[in-house]
Amino acid sequence: METYKLTVNGQPNDVIVDPGTPLLWVLREELKMTGTKYGCGIAACGACTVHLGGMATRSCVVPVSLVGNRAIVTIEAMAQDPVGRAVQDAWVSHDVVQCGYCQSGQIMSAVALLKSTPEPTDTNIEESMGGNLCRCGTYVRIREAIKAASQQLK
Amino acid sequence: MASHSNAANILLVTCTAWSATPTGVSGKNAPPKETGTPATRKAGLLAWQQVYSVLTHPRCINCHTATNYPQQSDDRHRHFANVVRGPAGKGVPALQCVACHQEANADSTGVPGAHDWHLAPLSMKWQDLNDKILSSAEVCRAVTDRSKNNNLDGAGLLKHHAEEPLVLWAFQSSRRIDGSMRTLPPLMHEEFVAATRKWVEAGTPCPQNP
């Protein structure tokens, strides 16, 4: 077991865990931040997406030992983020969610896309969101909501 | 790039990391003239074949694709999760190589990692659009063409093979998510560098067609 100092949503945290523990499980089990979801555990679905050092990252495959001093941002902070707020509002107004399980990961990826590409094309959206799976098939509404958030942020 | 057999064999195999430089093929960018005697050339060509055997191992060639995506694992299948090349060979905004591939191998989760994980540029593709590996002569011509290889001369190529982090990664032992070990290139890194040095000292000779 090792002690790691993690900054999550601006707050410092000390955790004592095995170095190989994926960041996802540190967030959920140690810090009780359950907004980030476990989907596949092999980076194939995107449900576990967080921002690590500003980059969309699959927390299920990143051992805590490789996080370093990079800032961690999770879905719990999105309501206080201008882009995150716009995306969440668009998600509501477009009724994106069905079961909702994958949606925290979808939103984290959408926010990363819009921060990098404020006016994404359909191709930008399809490529950037292509690794986030939704078994309810909400992809069309996700695309429209991203475009709406983009317009809102202009 | 990233790399995973089922998604498990997260094995975005990368070996080299040239970036394309749009320069001409004449003058200082022309392929180097071979030097030395026929015996030297023969020894250089033998050394090149050793180098080629490494460059075309999945650990290297999976990121030297001719396509819009990396490959992974020993069967060189398309990288899972709809990963794409992106404008700089590092993926796209919400799906960059570093979304999974960190600064070092993550043996607890099976994801390979090294500094600045990315695809080689298309100018350094070592396979065709049907995933067929290019011939020894074709790869040699590409590697020695300074309009394609980020303007590296022989010394630059040797340094690249000796020091580039993604090249070094290709020779590291690492564990897949199923617990098995990734295969390694046919040479040790020291042997690869020695073969490159011998080839460079012979004037980087390339085989005749094909």
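How many helices and strands are there in chain B? Select chain B and colour it by secondary structure: you should find six helices and four strands. Keep in mind as you go that this is a predicted model.

**Stop 1: chain B as a whole**

Trace chain B along its sequence and the elements come in the order α-α-β-β-β-β-α-α-α-α. Chain B has 210 residues, and 49% of them count as buried.

**Stop 2: helix H6 of chain B**

Now select residues 189-201 of chain B, which form helix H6. With 13 residues at 1.5 Å a residue, H6(B) should span 18 Å, and its end C-alpha atoms are indeed 18 Å apart. Show the side chains of Phe192(B), Ala195(B), Thr196(B), Trp199(B) and Val200(B), which are buried. Look down the axis: these residues cover an arc of only 135°, so they sit on the same side of H6(B).

What do the buried residues of H6(B) pack against? Add helix H1 (38-55) and helix H4 (154-163) of chain B to the view, and you have their partners. Just past the helix, click on Gly203(B), which follows H6(B) and has a positive phi, near 90°.

**Stop 3: Val51(B) and the nonpolar core**

Next, centre on Val51(B). Leaving aside residues up to four places away in sequence, Val51(B) touches Phe192(B), Ala195(B), Thr196(B) and Trp199(B). These four are among the buried residues of H6(B) you have just displayed.

Val51(B) also belongs to the largest nonpolar core, which has 90 residues; together with Val87(A), it touches the most other members. The element that gives the most to this core is H3(A), with seven residues. Because domain 1 (2-76) and domain 2 (78-153) of chain A both contribute residues, the core lies between them.

**Stop 4: the two domains of chain A**

Colour residues 2-76 and 78-153 of chain A separately to see domain 1 and domain 2 of the domain assignment. Their C-alpha centres lie 21 Å apart. Across the boundary, 13 residues of domain 1 are in contact with 12 residues of domain 2. On the domain 1 side, the largest share, three residues, comes from strand E3 (residues 49-52) of chain A. That side divides into six nonpolar residues, six polar and one charged.

**Stop 5: where chain A meets chain B**

Bring both chains back into view. Here 24 residues of chain A are in contact with 25 residues of chain B. On the chain A side, select strand E4 (55-58), helix H3 (103-116) and helix H4 (122-129), the elements that give two or more residues. The chain A side is made up of 14 nonpolar, eight polar and two charged residues.

Zoom in on H4(A). Which residues of H4(A) are buried? They are Ile125(A), Glu127(A), Ser128(A) and Met129(A). The buried residues of this helix pack against H3 and helix H5 (139-153) of chain A, and also against strand E3 (91-92) and E4 of chain B.

**Stop 6: a buried loop residue**

Finish in chain B, in the loop between strand E4 (95-96) and helix H3 (136-144), where you will find Ala120(B). Is Ala120(B) buried or exposed? Ala120(B) is buried, because 24 other C-beta atoms lie within 10 Å, and 20 or more are enough to count as buried. For a last distance label, pick the C-alpha atoms of Ala120(B) and Asn62(B): the two residues are 58 residues apart in sequence and 9.5 Å apart in space.

Note on methods:
Residues are numbered from 1 along each chain as its sequence is written. Chains are lettered from A and ligands numbered from 1 in the order in which they are written. This is a predicted model: local features need pLDDT of at least 70, side-chain atom pairs count only at pLDDT 80 or more; totals for chains, interfaces and linings use all residues. Two residues are in contact if their C-beta atoms, placed from the backbone, lie within 7 Å. Ala, Val, Leu, Ile, Met, Phe, Trp, Tyr, Cys and Pro count as nonpolar, Asp, Glu, Lys and Arg as charged, and the others, Gly among them, as polar. A residue is buried if 20 or more other C-beta atoms lie within 10 Å of its own, exposed if 12 or fewer, and partly exposed in between; C-beta atoms are placed from the backbone. The expected span of a helix is 1.5 Å times one less than its number of residues. The arc is that of the directions from the helix axis to the C-beta atoms. Domain bounds come from an automatic or database domain assignment. A nonpolar core is a set of buried Ala, Val, Leu, Ile, Met, Phe, Trp, Tyr and Cys residues joined through C-beta atoms within 7 Å.
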